[in-house]
Amino acid sequence: MADEELTEKPLSTGQWFLTLFILALPLVGLVMYFVWALGEGNRGRRNFCRATLLWFLVLFGIGCIGVILFLVLGGTLAALLHAAH
């Protein structure tokens, strides 16, 4: 298996074009991110999908924190404005 990994060819421009096209499709793309990230296919595509899923996870976490802060600070501001009247 080590020899096989050393001789693996990188994806061509056409293969990357097709990969990015498939990943841009709404539901199919999301499924394919997981298939390619968790599968045994091309190592470059696998690492790309893993890194992209990690970015999705980081951005989702930041978004959740942002929503929580918005709700807490918005509720506090609403209470202060209501108390002022």
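# A tour of four helices, starting at Arg-45

Begin by selecting Arg-45, which has its place in helix H4. The model on screen is predicted. Is Arg-45 buried or exposed? Its relative accessible area is 18%, and because buried means under 20%, Arg-45 counts as buried.

Keep Arg-45 selected and add its contacts. If neighbours within four places in sequence are left aside, Arg-45 is in contact with Leu-11, Trp-16, Thr-19 and Trp-36. Now draw a distance from Arg-45 to Trp-16, C-alpha to C-alpha. The two are 29 residues apart in sequence, and the distance in space is 8.5 Å.

**Zoom out to the whole protein**

Colour by secondary structure. The protein has four helices and zero strands, and along the sequence the pattern reads α-α-α-α. How does its radius of gyration compare with the globule rule? The radius is 21 Å, whereas the rule gives 12 Å for 85 residues, so the protein is more spread out than a compact globule. Turn the model to view it along its principal axes: the C-alpha atoms fill a box of roughly 75 × 25 × 20 Å.

Colouring by accessibility comes next. Of the 85 residues, 18% are buried. As for contacts with a separation of 6 or more, 37% of them join residues 24 or more positions apart.

**Select H2 and H4**

Show residues 13-24, which form helix H2, together with residues 43-84, which form helix H4. Their axes are 12 Å apart and the packing angle is about 30°. An angle under 35 degrees counts as roughly parallel, and H2 and H4 are therefore roughly parallel to each other. Their crossing is right-handed.

Which residues of H2 and H4 meet? On the H2 side, select Trp-16, Thr-19, Leu-20 and Leu-23; on the H4 side, select Gly-44, Arg-45, Phe-48 and Cys-49. This contact is made up of five nonpolar residues, two polar and one charged. Arg-45, the starting point of the tour, is among the H4 residues here.

**Select H2 and H3**

Keep H2 and add helix H3, residues 26-38. Here the axes are 5 Å apart and the angle is about 120°. That makes H2 oblique to H3. From H2, the residues to pick are Thr-19, Ile-22, Leu-23 and Ala-24. From H3, pick Pro-26, Val-28, Gly-29, Met-32, Tyr-33 and Trp-36. How many residues of this contact are nonpolar, polar and charged? Eight are nonpolar, two are polar and none is charged.

**Select H3 and H4**

Hide H2 and bring H4 back beside H3. The axes of H3 and H4 cross at roughly 125° and come within 7 Å. That makes H3 oblique to H4. H3 passes H4 in a left-handed crossing.

To see the contact, show Tyr-33, Phe-34, Trp-36 and Ala-37 in H3. In H4, show Arg-45, Arg-46, Cys-49, Arg-50, Thr-52, Leu-53 and Phe-56. This contact divides into seven nonpolar residues, one polar and three charged.

**Back to Arg-45**

Finish with Arg-45 and its contacts. Arg-45 takes part in the meeting of H4 with H2 and in the meeting of H4 with H3. Among its contacts are Trp-16 and Trp-36: Trp-16 is one of the H2 residues that meet H4, and Trp-36 is one of the H3 residues that meet H4.

Notes
Residues are numbered from 1 along each chain as its sequence is written. This is a predicted model: local features need pLDDT of at least 70, side-chain atom pairs count only at pLDDT 80 or more; totals for chains, interfaces and linings use all residues. Side-chain values use heavy atoms; hydrogens and water are left out. Axes are lines fitted to C-alpha atoms, for helices over the stretch in contact, and angles run from 0 to 180 degrees between N-to-C directions. Helices (H or I, at least four residues) and strands (E, at least two) are DSSP runs, numbered from the N terminus. Angles under 35 degrees count as roughly parallel, over 145 as roughly antiparallel, 65 to 115 as roughly perpendicular and the rest as oblique. A crossing is left-handed if the near helix is turned anticlockwise from the far one by less than a right angle, and right-handed if clockwise. Contact means heavy atoms within 4.5 Å. Ala, Val, Leu, Ile, Met, Phe, Trp, Tyr, Cys and Pro count as nonpolar, Asp, Glu, Lys and Arg as charged, and the others, Gly among them, as polar. The radius of gyration is taken over C-alpha atoms; the globule rule is 2.2 Å times the number of residues to the power 0.38. Buried means under 20% relative accessible area, exposed over 50%, partly exposed in between (1.4 Å probe, protein chains only).
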